[in-house]
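Student: Please pick one part of this structure and go through it closely. I am new to it, and I would like each term explained as it comes up.

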Amino acid sequence: MLVRAGRGALGHDAAGPAVIPSLRDLAATHRDVVGAKAANLATAAGRGLPVVEGFVVPVALVAAHPSGPPAPAVDAWRGLSRDGADAVVVRSSAPNEDLEGSSMAGVFDSVVDVRGLDAFAAAYRQVAASAGGGPMAVLVQRCLAPELGGVLFGVDPVSGRTDRIVVVAVEGGPHRLVAGEVEGRRTVLDRTGRVRESDGDPGPELTRAQRRRLLGLAHRARACFGGPQDVEWAIDGGRVVLLQSRPVTAVAATASGPLLGPGPVAETFPRPLTRLEQDLWIPPLHDSVAHVLALTGAASRRRLRRSPVVSVVDRQVVADLELLGATGTRRSAWARLDPRPPARRLGVAWRVGRLRGALGVLTAQLLGEVDAALAGVPDLADLTDAELLTVLGNAGAFLRSVHGHEMLAGTMLDDDGRTGAEGAVEAIAAGRALGWSDDDIIARFPVALAVTVPTLGERAPLPEVVATDGVRGRGLAVREELRLRARWLHELTRAVVREAGARLAARQLLPDAGDVVHLSLDQLCAALCEGTLSLVEPPPVPAPLPARFRLAADGTPVTEAADGQAPGVGAGGGRGTGPVVFEDPIIGDVLVVRTLDPDLAPLLPRLAGLVAETGSPLSHLAILAREHGVPVVVGHAGICDAVQRGDIVVVDGRAGTVEVVTP
C-alpha cells in the first residue's frame with residue numbers, strides 16, 4: 001500500500017510522491033526511488049533475510065519537503081513507533097551511497113534512539129540536510145536494544161583473502177563502532193566458522209552459536225547480492241538481524257610468489273638506484289647469485305626459474321628471502337630431510353668438494369686478473385665512445401665473477417682476516433692526519449671505498465673516523481678482498497658514466513652531464529653510437545620497502561608482517577609516506593589522531609596516511625580511506641605521543657606499522 005502525501009499535522013502541503021510504508025513493498029527495491037540503503041534492505045527482506053521493519057520517505061518526497069516530514073511520513077511514524085511509545089532510527093538512504101565502487105560510508109547522517117514527534121521531525125531535517133542539496137530518501141526503522149552489534153565483511157578487506165570473514169563485535173548496537181568511537185573485538189573466521197585470528201581487544205567474545213549465525217548471514221547476504229558484503233548486524237533477543245548491507249569496496253590486492261626483502265642486499269645497495277645503476281649493477285649480481293645457488297645445489301634450476309633471485313622493486317634492490325635462507329625462520333622438519341634425489345645430492349657434494357679445494361687458487365687468480373684489468377684502463381678521455389661502452393661491458397663481466405666468488409668464499413673458506421671497513425678506517429685516518437682531500441685518500445688508498453655507497457652520481461664525503469689499534473699487519477679476509485674489488489669495479493663504471501655524460505652534454509643531447517644516470521643502458525648506447533636520445537624525467541624518491549613482502553599482480557608490494565611485529569592494526573589502503581600532522585593537513589601529510597572522527601572524511605583525499613590510537617578497520621572512516629587509497633592504521637596505542645609534528649613516517653595499511661624514517 002502507498003500512502004499519498006497531503007496536508008497533515010505539521011501543516012505541509014503535499015501531493016504526488018508516496019511514502020512506502022514497508023520494506024517488504026516491491027516499490028522499496030527501486031534504488032532511484034528510495035536510495036541504495038533502503039533498496040538493499042528491501043531486496044534482502046524479499047529474499048528472507050532478517051531485516052528490521054520500517055518505512056521510506058522517497059527521494060522525490062524528501063526533495064519536496066526538506067524542512068520537515070510530510071503528513072504521511074508522520075502517520076507512518078505514529079504506526080511504527082506506536083504513537084511515540086517506541087524509539088525509531090532515522091537513516092539516510094541516498095542513491096549514490098552503498099555502491100559497488102563507492103560506499104560513502106558515514107558521509108550522510110543517521111540518528112538513533114529517536115523518541116517523540118519533535119525529535120522525529122528534527123532527525124528528519126538533519127538527515128535530509130546531510131545530502132547537501134543532493135538526492136536523499138529517509139529510511140525510518142524500529143530502534144532495537146540489542147545485546148551485541150557490529151560489522152562483518154564477507155572478505156578480509158586488508159589481506160584480500162576471500163576465504164576469510166572478518167567480524168568486529170561490540171556490546172549494544174554497531175553505531176559507535178562504525179563511527180570509530182570504540183574498537184570492539186575483531187575476529188577472523190574461516191568458511192567453516194572456526195576462529196583463525198582474534199585480536200583480543202576489549203569487547204564481547206562471540207559464542208560458537210553466534211559465530212555460526214553470523215557466518216550464515218554473511219553467506220546469505222553474498223548469495224542475495226552476488227558478492228561479498230559489508231554488513232552491519234545486531235543480535236536482538238538471540239536473533240541475528242541485518243541492519244545494513246552494501247558491497248565490500250577497496251579490497252586489498254592479494255599477493256603471491258616469493259617472499260622478498262632488501263635484507264641480504266641492503267648492505268651493498270642501501271639506497272634507491274637510478275635507472276642506469278640498475279642496468280649496470282643488478283644483472284651481474286643476479287646472475288652470479290643464481291649460478292652459485294645452482295652450482296652448490298642450494299636451489300634447483302626449476303626453483304630458480306620461478307624466482308627473481310635478486311631484482312629491483314620501486315628502485316630498491318631486493319632478494320628472494322626464502323631462496324637465500326634469510327627469512328629468519330627455522331627450517332621445517334621436512335626441509336631438513338633434504339628431499340633432493342640422492343644422485344643430485346651426490347653430484348652436488350662432489351662438485352662442492354672439488355670446488356672447496358680449488359677455490360683459494362681460483363680466487364687468487366681472479367683477484368690478480370681484476371687488479372691487472374683495473375690498472376690497465378687508459379685515460380678515459382682518450383677512449384672512443386665505443387671503447388667506453390666496451391669498458392662498461394668488461395666491468396660487468398668481472399662483477400659477475402667477483403660476486404660469485406665472494407658468495408663461495410663466504411661459505412667455504414675459513415678466514416679471520418680484517419674487514420674492508422677496518423682497512424678503510426685506517427686509510428682514512430692516515431690520510432686525514434696528512435691533510436689529504438677525500439679524492440687524494442681514495443687515489444692513494446682505494447681501500448677507503450669500502451665504507452662508501454656505490455653511486456654513479458656525486459660521491460658522499462668520506463666519514464669521520466677514529467683510528468683503531470691491533471689490526472695492522474693482518475691482510476683482508478678473502479671475501480673482503482673480493483667485496484672490495486666489486487666496489488672498485490663500481491667506481492670504474494662511475495668514472496666511465498661521468499665521462500659519457502660529459503660528452504653527451506657537450507653534444508647538447510643532455511641538458512646536464514649528471515642527467516646521464518637517469519638513462520637506461522640501451523639509451524646510453526644509442527646516444528653514444530647513434531646520437532639519438534629521448535630523456536625520461538627522473539622518478540620521485542620512493543618510500544622504503546617493507547622488510548618482508550610479496551608482490552601483487554600489479555607489482556605493488558604487499559607487506560607480510562612477522563608475528564608480533566605490528567603495534568597497530570592495518571586497515572588497508574596500501575603504503576604511504578609523509579610528514580606527521582595532528583590537525584589541518586595539507587596534501588601529502590600523514591594525519592595522526594586519537595580517534596577516527598567521522599568529520600575527518602572530507603580531509604581523506606589529501607592525505608598520504610591516517611593513523612589513529614583507537615578505531616576498527618571496519619569503521620566508516622577506514623572504509624572511506626581505503627576507497628581513496630589512503631593507508632590507514634588503527635588501534636596504534638600511544639602514537640600521538642610517539643611521533644612529533646614534521647616527522648617523516650611510512651604508514652603501512654597492510655602490516656599495521658608506522659615507521660619514522662630519515663628524510
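Tutor: An axis here is a line fitted to C-alpha atoms, for helices over the stretch in contact, and angles run from 0 to 180 degrees between N-to-C directions. Helices (H or I, at least four residues) and strands (E, at least two) are DSSP runs, numbered from the N terminus. The model is predicted: local features need pLDDT of at least 70 and side-chain atom pairs count only at pLDDT 80 or more, while totals for chains, interfaces and linings use all residues. Residues are numbered from 1 along each chain as its sequence is written, and side-chain values use heavy atoms, with hydrogens and water left out.

The protein has 18 helices and 24 strands. The part to look at is helix H8, which covers residues 275-295, together with what packs against it. Two packed helices are described by the angle between their axes and the distance between the axes. For H8 and H12, the axes come within 8 Å and cross at roughly 40 degrees. Their crossing is right-handed; that is the name when the near helix is turned clockwise from the far one by less than a right angle, and anticlockwise would make it left-handed.

Contact means heavy atoms within 4.5 Å. On the H8 side, the residues that meet H12 include Leu280, Trp281, Pro283, Pro284 and Leu285. On the H12 side, the residues that meet H8 include Leu392, Gly396, Leu399, Arg400 and His403.

H8 also belongs to a wider group. A nonpolar core is a set of buried Ala, Val, Leu, Ile, Met, Phe, Trp, Tyr and Cys residues joined through side-chain atoms within 4.5 Å. Buried means under 20% relative accessible area, exposed over 50%, and partly exposed in between (1.4 Å probe, protein chains only). The largest nonpolar core has 48 residues, of which Val309, Val310, Val516 and Leu524 touch the most other members. Among the elements that give it two or more residues are H8, strand E15 (316-320), helix H12 (385-412) and helix H16 (521-530). H8 gives the most to this core, with 9 residues.

Leucine 524 shows how such a member is placed: beyond its neighbours within four places in sequence, it is in contact with Leu276, Leu392, Ala500, Leu504, Val516 and Leu519. Another core lies apart from this one and has 33 residues, among them Val51, Leu189, Leu206 and Leu214.

H8 has an aromatic pair as well. Rings of Phe, Tyr and Trp (its six-membered ring) pair if their centres lie within 6.5 Å; planes under 30 degrees apart count as stacked, over 60 as edge-to-face and the rest as tilted. By this rule there are 3 aromatic pairs. One of them joins tryptophan 77 and phenylalanine 120, which is stacked because the ring centres are 5.6 Å apart and the planes are at 10 degrees. Tryptophan 77 is in helix H4 (residues 71-81) and phenylalanine 120 in helix H5 (residues 117-129), so this pair ties together parts 43 residues apart in sequence. Tryptophan 77 is buried at a relative accessible area of 1%, and phenylalanine 120 is buried at 0%.

The pair that involves H8 is phenylalanine 269 with tryptophan 281, also stacked, since the centres are 6.1 Å apart and the planes are at 20 degrees. Tryptophan 281 is in H8, while phenylalanine 269 is in the loop between strand E13 (255-261) and H8; the two are 12 residues apart. Phenylalanine 269 is buried, with 4% relative accessibility, and so is tryptophan 281, with 0%. Tryptophan 281 is also one of the H8 residues that meet H12.

Strand E15, another contributor to the core, is preceded by a point of backbone interest. Most residues other than glycine have a negative phi, and most peptide bonds are trans. Arginine 315 is not a glycine, yet its phi is positive, about 70 degrees. Arginine 315 lies in the loop between strand E14 (310-313) and E15, and it counts as buried because its relative accessibility is 19%. Arginine 82 likewise has a positive phi, about 55 degrees, and its place is in the loop between H4 and strand E4 (88-93). Arginine 82 is exposed, with a relative accessible area of 57%.
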